[in-house]
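Trainee: I am new to this structure and would like a close look at one part of it. Could you start with a single side chain and then lead me into the part you find worth following?

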Amino acid sequence: SSHLPSQTSEEATLEALLASRQFFIEMPAVTSVTASAALFVLAALGLQGCGQQPTPAPTPAPTPGPPTNTTTRTTTTVPEPGPTPEIGPLKGLHYNPVPCAIADTVPGGRCRRKQPALDYVQRGYENQWGKARNDLKTIKELGASAVHIEDAFGLESKNDHSGFLNYAEYVELQVFPGFYTQMMCPDFDCFESWHKAALNGFERGFKKGDGWHPAVAMVVLMNEPDNLNLGGVSPVSCQGTDEARCRVRAALSALDGVLQAEKDVGMNLETGSVGFTIAWSENLKTSIDGVVTEGYGYFGFQDMVAGIANPSLASYTPKSSLGELAMAFEKRWTHAMNTVRPWEYVKGQVEPNYESLFGSKPWILTGFKGQGMSAKEFKKNLQQIGDASASKGPFLGAILRSFQNETMRAEPERTGVFALGNHTMGVTDSVCQEDPSTQASECNRWSVYCLERENTERKSAIIEMWKGNGSWVGGICTTTTTTTKTTTTKTTTTRTTTTQTTTLTTTTIITTSTGRARSMVNKSRVVV
């Protein structure tokens with residue numbers, strides 16, 4: 001009677017499941033009571049065929065602990081981030097201090113030497129944004145509340161960026177750093193590149209303490225991804241209905257990558273949170289879900305609403321949880337677009353449908369050029385934008401383009417407040433740029449030129465509308481010319497020759513960041 005019958009295949013399977021804990025994986029609702037009952041069933045099976053005196057049931061094995069792997073998705077509570085910095089009414093200026101003066105360029109506007117590094121936040125450019133020329137102070141004196149740098153993440157990972165942020169905080173300018181949009185995005189999945197660029201940025205100054213640097217108010221994740229201007233992919237692969245899928249996959253994966261980087265470094269978002277946005281183009285497009293048809297710029301707003309709610313629309317599987325994505329969008333997101341059109345046109349296109357689609361979600365203009373406007377028209381647009389951003393509605397203001405004329409751009413696109421003169425105030429330190437695909441770095445030094453007032457009427461309109469300081473002349477070069485005439489008479493025994501020598505003296509007065517004036521004298525002699 002002590003002999004037990006051989007196990008059936010079903011019994012052996014159940015015993016194996018219990019031993020391997022798979023029983024608890026396939027049946028996540030099993031309790032310790034149910035587990036004990038199952039063990040009792042197994043024991044009872046072993047008693048079949050025994051004699052009159054049954055063998056006592058064995059003591060049940062200890063209840064297994066929680067499974068090491070599960071086949072079901074765990075629902076976690078997503079911590080709510082703290083409030084992002086208040087940015088409205090936004091009076092921003094795009095900072096683009098390309099160090100190529102007219103004398104440095106060849107026909108067509110290209111720099112005569114190799115192209116300069118585009119990450120202007122790095123320490124090597126300090127003689128432009130601080131010290132010698134003091135651009136950040138000049139931007140503040142114009143009346144600006146914020147400065148936008150388009151390529152602050154993704155092109156330079158070795159040099160310090162905290163100096164720029166510290167000085168911006170000192171002069172009370174909010175910083176809107178952007179990611180270089182042409183980083184590698186295989187199959188329009190940008191997670192890895194944005195994740196890595198964010199981690200590098202945190203190491204180089206964008207993280208301070210356990211949160212974002214307090215100067216950073218909003219991060220521009222991408223610039224016009226609807227143009228499919230991304231590295232390592234061809235727009236041809238996303239034509240037709242696939243275009244929306246590709247641009248939304250790029251947008252979602254970029255946000256996902258930065259969120260993961262924040263978690264990796266233990267970013268405390270309760271006290272050090274920042275806003276996020278993407279600058280969409282002003283093209284007419286249909287949103288990925290078809291809710292917006294031929295929408296002017298705001299197709300991208302709806303793209304994000306639909307993509308966050310259902311990433312599978314873009315054939316994207318987030319690394320973050322859906323709850324994390326939704327929380328970031330709800331608490332930290334601001335819609336944005338670029339435009340060359342007048343404010344009244346933009347308002348007429350966007351506002352009629354805005355509330356019904358997006359409610360009170362804030363939005364801004366990340367690139368208002370005012371291209372081709374007369375001084376009167378430009379001033380009127382600044383007034384209208386200022387009034388709209390102060391009205392307590394969802395529109396918060398605009399970032400103007402730009403601080404400086406870019407000689408590398410076509411003449412009609414040069415909408416800078418300043419241009420570069422041809423007199424130097426020093427040189428930069430070594431400034432570097434990395435190739436997005438190979439990470440090879442190239443470093444150079446550049447002359448730091450004084451600033452010339454380029455669009456004086458535009459500058460005056462900005463100072464008036466933004467209530468800036470019109471007397472500030474830091475970094476500005478002014479030129480005065482004086483002419484002296486000296487006559488020398490030379491006498492010989494055969495004739496008298498009179499030689500007149502005119503000496504031209506040009507004095508360039510450069511007002512430095514400290515307000516002191518220093519002179520540079522150039523002399524030339526012309527014999528007549």
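Mentor: Glu330 counts as exposed, with a relative accessibility of 52%; exposed means over 50% relative accessible area, buried under 20%, and partly exposed in between, for a 1.4 Å probe and protein chains only. This is a predicted model, in which local features need pLDDT of at least 70 and side-chain atom pairs count only at pLDDT 80 or more, while totals for chains, interfaces and linings use all residues. Residues are numbered from 1 along each chain as its sequence is written, and side-chain values use heavy atoms, with hydrogens and water left out.

Glu330 meets Lys331 in a salt bridge, 3.8 Å from N to O, where the term stands for a side-chain nitrogen of Lys or Arg within 4 Å of a carboxyl oxygen of Asp or Glu. Lys331 is partly exposed at 33% relative accessibility. Elsewhere, Arg123, Glu126, Lys131 and Asp160 are joined into one network by salt bridges that share partners. The whole structure holds 20 salt bridges.

One of these takes us to the part I want to show you. Glu150 and Arg401 form a salt bridge whose closest N and O atoms are 3.2 Å apart. This pair links distant parts of the chain: Glu150 is in strand S2 (residues 146-153), while Arg401 is in the loop between S12 and strand S13 (418-427), 251 residues away. Helices (H or I, at least four residues) and strands (E, at least two) are DSSP runs, numbered from the N terminus. Glu150 is partly exposed, at 21% relative accessible area, whereas Arg401 counts as buried at 14%.

Now step back along the chain to S12 itself. All six of the six residues of strand S12 (residues 395-400) are buried, so the strand is largely enclosed by the rest of the structure. Which strands pair with S12? Strand S1 (residues 90-94) does so in the parallel sense, over four bridges, and strand S11 (residues 363-368) also runs parallel to S12, joined by three bridges. Two strands count as paired if DSSP finds at least two bridges between them. You can locate each pairing by a partner: Leu90 is matched with Gly397 in S12, and Trp363 with Phe395 in S12.

How does the chain get from S11 to S12? S11, helix H12 (residues 375-389) and S12 make a right-handed β-α-β unit. Right-handed means that, with the strands pointing away from the viewer, the path from the first strand over the helix to the second runs clockwise. In the loop between H12 and S12 you will find Lys392. Phi of Lys392 is near 70 degrees, a positive value in a residue other than glycine. Most residues other than glycine have a negative phi, and most peptide bonds are trans. Lys392 counts as exposed, at 81% relative accessibility.

The loop after S12 has its own detail. The peptide bond from Arg401 to Ser402 is cis, with omega near 20 degrees; Ser402 lies in the loop between S12 and S13. Another cis bond joins Gly88 and Pro89, where omega is about -5 degrees. Pro89 sits in the loop between helix H3 (32-45) and S1.

Let us finish with rings. A search of the whole structure finds 23 aromatic pairs. Among them, Phe403 and Phe418 form a tilted pair, 5.2 Å centre to centre with 55 degrees between the planes. Phe403 lies in the loop between S12 and S13 and Phe418 in strand S13, so the pair ties together parts that are 15 residues apart in sequence. As for the terms, rings of Phe, Tyr and Trp (its six-membered ring) pair if their centres lie within 6.5 Å; planes under 30 degrees apart count as stacked, over 60 as edge-to-face, and the rest as tilted. Phe403 is buried at 0% relative accessibility, and Phe418 is buried at 1%. Both belong to one aromatic cluster, together with Tyr95, Tyr120, Tyr125, Trp129 and Phe164.
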